[in-house]
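Dear colleague,

Please find below the structure that I am handing over to you. I would be grateful if you would look through it alongside the notes that follow.

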Amino acid sequence: MRTAPTILHLDMDAFFASVEQASKPSLRGKAVVVGGLGPRGVVATASYEARVFGVHSAMPMGQARRLVPNAAYLVPRFTFYRSISERVMELLRALSPLVEPLSLDEAFVDLEAGGVAWDERSARLAGVKLRADIRAVTGLTGSVGLAASKMLAKIASEEAKPDGLVVIEPGSERAMLGPLSVRILPGVGPATGDHLRRAGITTVEEIVEAGEDELVRLLGKAHGHGLYAMALARDDRPVVAERETKSVSVEDTYDVDIHDRTRVGLEVQRLAERCVRRLRGAGLSGRTIVLKVRRYDFSTLTRSETLRGPTDDPAVIREAAGRLLDSVDTTGGVRLLGVGVSGLADYTQEDLFAQAAGERAVAEGPVEEHTAAPAEEQPASLAERRWPAGHDVRHAEFGHGWVQGSGLGRVTVRFETPSSEPGRVRTFRVDDPDLEAADPLPLVLGGPEGGGGVPGAGSQAVSSVPASLPKSWSGSGGGAATSRP
Ligand code: TTP
Ligand code: MG
Ligand code: MG
């Protein structure tokens, strides 16, 4: 194990909820709950103001509403969160080539490998600067942990929450871990925790006292062994750059070029289904669908379409691949076809999924509604679906605002922007011709590229290009089925 606290763990504070508060001045300092508003909805996250009342991730939405009836209840805006996450990850990649993202709001960084830190002082300075940069670029706060191992860096960032920085000095690890609950160790969930408790082990210290043999006897060889090492603060796991799977794709080369357009269409559908099986097998979903076509003359092109949220729905992916094929000229025949999904996510929570599908249906307009998730996964009313709570709108006369609520043929909008004072509320008919859906505004004015805080991939992802149009397309030359280097 290294001797300086040069592994950094960053985790953004109340990420989705903080983004919403930064977007909506009237919600700052208030209880905000982001999650599925449908009947099976669960909380994705809650602002710290709402957590005081006991609301937490994965809690049924109904329970949250009973605990904090006055909170703002908002539908997640994955595309926007992802664009902000991208900006944060860029800042991390500027520190080191070894950045290991764990989720949208969380990553390990090996500062030593980046040459930006070699001892406690330089590591602390890098952490302080990172937090300031994140604030400047995104307007949000993230908490930083610094330690000599991944396990301890993550524990440190947890301790630092919210809006803080904690360094665990090498040498102090054992003393620090000792009195903590066994649940702090990676791999100790409720079940293992219970199992250990029944054996009289509740703290990390007690694991060490019980000894390795006892741990192996209780939990089996692999788990017992690993856990004992963690309890002794022995953790040599390296920071691994990027996740390995950036896209999931399948392709077929044909012995004889396919000329028949119907047959090409069927092959694409078949490949889409195979691709979904792989995607699901890996427990992933993705938001960019890629079609690859190699023509008779070996010219190869890829076309892609980016949905508003990640999906693993075969119907959605088949349809997207079909639409992409519509824009490709295959006269002369094709030798190879491929279908891939990139922009991978591991939101496996079905409910958030349904929300993402809802988001997409809104983006594509009512005509496409049949492509969304099954009816029972949809929020209650059409109005709620067309005007999801929390989403941005624009009114011809009153300007930019967001949906505070809708129902009974009405939609209530609060008119404010990230840089304005808290705004006023007005109510309209849901079919008011002056009201239209809008893209989120940058959270920070005057970002590095001059335009705003969320440029680059972000502003593209939330640009006014309809979600159903191809986002990118590259000409000949064997384009890879990934959207990002
Ligand atoms: P977390 O980092 O676990 O939580 P958080 O950022 O909201 O709060 P904090 O880190 O300050 O404790 O998750 C990051 C985001 O991932 C979160 O804002 C929403 C989403 N999420 C879900 O959608 N479902 C979940 O069950 C969890 C835990 C998170
Ligand atoms: Mg977080
Ligand atoms: Mg996190």
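In which loop does D105 lie? Before the answer, please note that this is a predicted model. D105 is found in the loop that runs between β5 (99-103) and β6 (106-110).

The two strands on either side of that loop form a hairpin, with two residues between them. Their pairing is antiparallel and extends over four bridges. Within this pairing, V99 stands opposite V109 of β6.

D105 also appears in a database record. UniProt, in an unreviewed entry, places the feature "binding site" at D11 and D105. These positions are spread over 95 residues of sequence, yet they cluster in space, the largest C-alpha distance being 5.6 Å.

The surroundings of each position may be described in turn. D11 belongs to strand β1. A residue counts as buried if 20 or more other C-beta atoms lie within 10 Å of its own. D11 has 20 other C-beta atoms within 10 Å and is therefore buried. D105 has 23 such atoms within 10 Å, so D105 is buried as well. Leaving aside residues up to four places away in sequence, D11 touches D105, E106, G142, S143 and S157. With neighbours within four places likewise set aside, D105 is in contact with D11, M12, F15 and S85.

F15 leads us to the helix α1. Is α1 largely enclosed or open, and why? Nine of the nine residues of α1 are buried, and α1 is therefore largely enclosed by the rest of the structure. These buried residues are F15, F16, A17, S18, V19, E20, Q21, A22 and S23. The elements that cover them include β1, β2 (32-35), β3, β4 (72-74) and α4 (78-93).

Finally, I turn to the ligand. How many residues surround ligand 1? There are 17 of them, and the closest are F15, F16, A44, T45 and S57. The elements that contribute two or more residues to this shell are β1 (7-12), α1 (15-23) and β3 (43-46). Sorted by class, the shell holds eight nonpolar, four polar and five charged residues.

When you open the model, I suggest beginning with D11 and D105, the two positions named in the UniProt record. From there you may proceed to F15, which is in contact with D105 and is among the residues closest to ligand 1.

With kind regards

Key: Residues are numbered from 1 along each chain as its sequence is written. Chains are lettered from A and ligands numbered from 1 in the order in which they are written. This is a predicted model: local features need pLDDT of at least 70, side-chain atom pairs count only at pLDDT 80 or more; totals for chains, interfaces and linings use all residues. A residue is near a molecule or strand if its C-beta atom, placed from the backbone, lies within 6 Å of it. Ala, Val, Leu, Ile, Met, Phe, Trp, Tyr, Cys and Pro count as nonpolar, Asp, Glu, Lys and Arg as charged, and the others, Gly among them, as polar. A residue is buried if 20 or more other C-beta atoms lie within 10 Å of its own, exposed if 12 or fewer, and partly exposed in between; C-beta atoms are placed from the backbone. Two residues are in contact if their C-beta atoms, placed from the backbone, lie within 7 Å. UniProt positions are given in the numbering used here, feature names are shortened, and annotations may be inferred rather than shown by experiment. Two strands pair if DSSP finds at least two bridges between them.
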